[in-house]
Amino acid sequence: MTTGRFLLVLTIVAAAAGLTIPDFGSIDDIVDQVIDIDSIDSTIDSTLHVRDAGVSEARRLALLLQEKQKELTILKKTVEQLQIRNQCETKGPFNADETFGRVCEFSSLILQCPTGTTIDVVNALYGRLLPGNVACNHPKPKDTNCKAASSVQVVRSKCQGLQVCSVHASNSLFGDPCGGTFKYLDVTTIDVVNALYGRLLPGNVACNNPTIKDTNCKAASSVQVVRSKCQGLRVCNVPASNSLFGDPCGGTFKYLDVTYRCKKEDYQLVFKAVAGVNGSISGLWSSDEVRNEYNEAAMRLNAEFKGHFKSRVVNNWKNETIVAVKVAMYKNNEEKMSMVFDGRNTDKFSWFNKSRILSSPYKDLGPTAIPDRTKFFSIQGDVRRRREFFMQQAYRGCANDPGWMVVVQKGGCSWERFPYFPAFLYAPGDQAVRWKKGVSGVADTFAIFVLRN
């Protein structure tokens, strides 16, 4: 039931019973001022002798509402779950302050806010409260009533106050609240369903004001504007004003009515390479081979399982409606570096392009990087020197080569001489680093995730 429909039903019943309906200014007001159904019933009884036909229908409606009285006591909770907000013109912004996203165990959840804003973690759950057919399906979950006590604390430690963060859904990070049960991590993101700036309801139903001349107006830009402010974010703020939406009906006091819902964002692990396990990483990615696809040990982001992982999703890339791709490096199961790319309208090679970077930990690499300079940025990398998935700023001699990420397959320069190959290197700070042992970050796993539409 939407707020508007609820109010209209009460209006009809009150009018038939000879009552006046109060002016509801907000959702909290709706709940606080719900009409006493018993008083409606009593009023109807007292006027039966003058309102035969009308009272009969009103009484039927009142009795129906009386049967639903228990449902009315949870009206506020229902409305909040529907994520419906009405805001009157000039009376403050529409705030979407709770959004939702879920990833299954062994996958990573990415939260990202636009430049200039930061993440505020409201709630989080690592465990399982839902059956397998509802969330992260898995044969026979043993426990559907478990939550890691550290859930909120861990996600806040990883994300609070940052613009972008990644949290791996794993026992090693949260602890295991229910052994033997396939778990998930819940956090949130906004999906705008509909929006209206204007007026379709009379003043006694929504945002009453003496200046109401038109009750059939809607700004054509309503949905577009709200989506531009909110779609895909964790938190957004939309003022109800003519300056933002234009004025669809001059002289009429308007309102902003937004409906949004929880949109699940499930990044799926599709590729993982382990340091010291022989073989070309770019070669495995490029091939049609699928490796260890259903092996849960291979999907864990540590280096305990000595084998690479590749899902058939990689080979079926163009049919997967991929919208984003995340590349990350891990050390002892902890994410050390990650970047997110625009995956729309790409194949399994073309997404890896500096022009498609959506988020980067490096101020000198990404959509806002100044200056924008790269020597190498490709999956194949420097084939002669066997440097793959290579993000390199310049070649200035072995001791002065600055870069951001590389999969090293052989020892050439002193900084790439390892007792094992492949080796995974990354810049540990916020800009390119001169590759050097003790300065370069060294990871033990390299992973790629995708987000589908």
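Glutamate 334 sits in between the extremes in this predicted model: the residue is partly exposed, with a relative accessible area of 37%. Its salt-bridge partner is lysine 336, and the closest N and O atoms of the two lie 3.8 Å apart. That falls inside the 4 Å cut-off, so the contact counts as a salt bridge. Lysine 336 is partly exposed too, at 37% relative accessibility.

The picture changes with lysine 326. This residue is buried, its relative accessible area being 0%. Since buried means under 20%, the label follows directly. Even so placed, the side chain of lysine 326 meets that of glutamate 335 in a salt bridge, with 2.7 Å from N to O. Side chains of opposite charge can pair when their charged atoms come close.

A third pair brings together arginine 385 and aspartate 382, whose side chains meet in a salt bridge at 3.0 Å, N to O. What about the burial of these partners: is aspartate 382 buried or exposed? Aspartate 382 counts as buried, at 5% relative accessibility, whereas arginine 385 is partly exposed, with a relative accessible area of 29%. Elsewhere, salt bridges with shared partners link Glu105, Asp176 and Lys183 into one network.

Taken over the model, the count comes to 13 salt bridges. Among them are the pairs lysine 326 with glutamate 335, glutamate 334 with lysine 336, and arginine 385 with aspartate 382.

How values were computed
Residues are numbered from 1 along each chain as its sequence is written. This is a predicted model: local features need pLDDT of at least 70, side-chain atom pairs count only at pLDDT 80 or more; totals for chains, interfaces and linings use all residues. Side-chain values use heavy atoms; hydrogens and water are left out. Buried means under 20% relative accessible area, exposed over 50%, partly exposed in between (1.4 Å probe, protein chains only).
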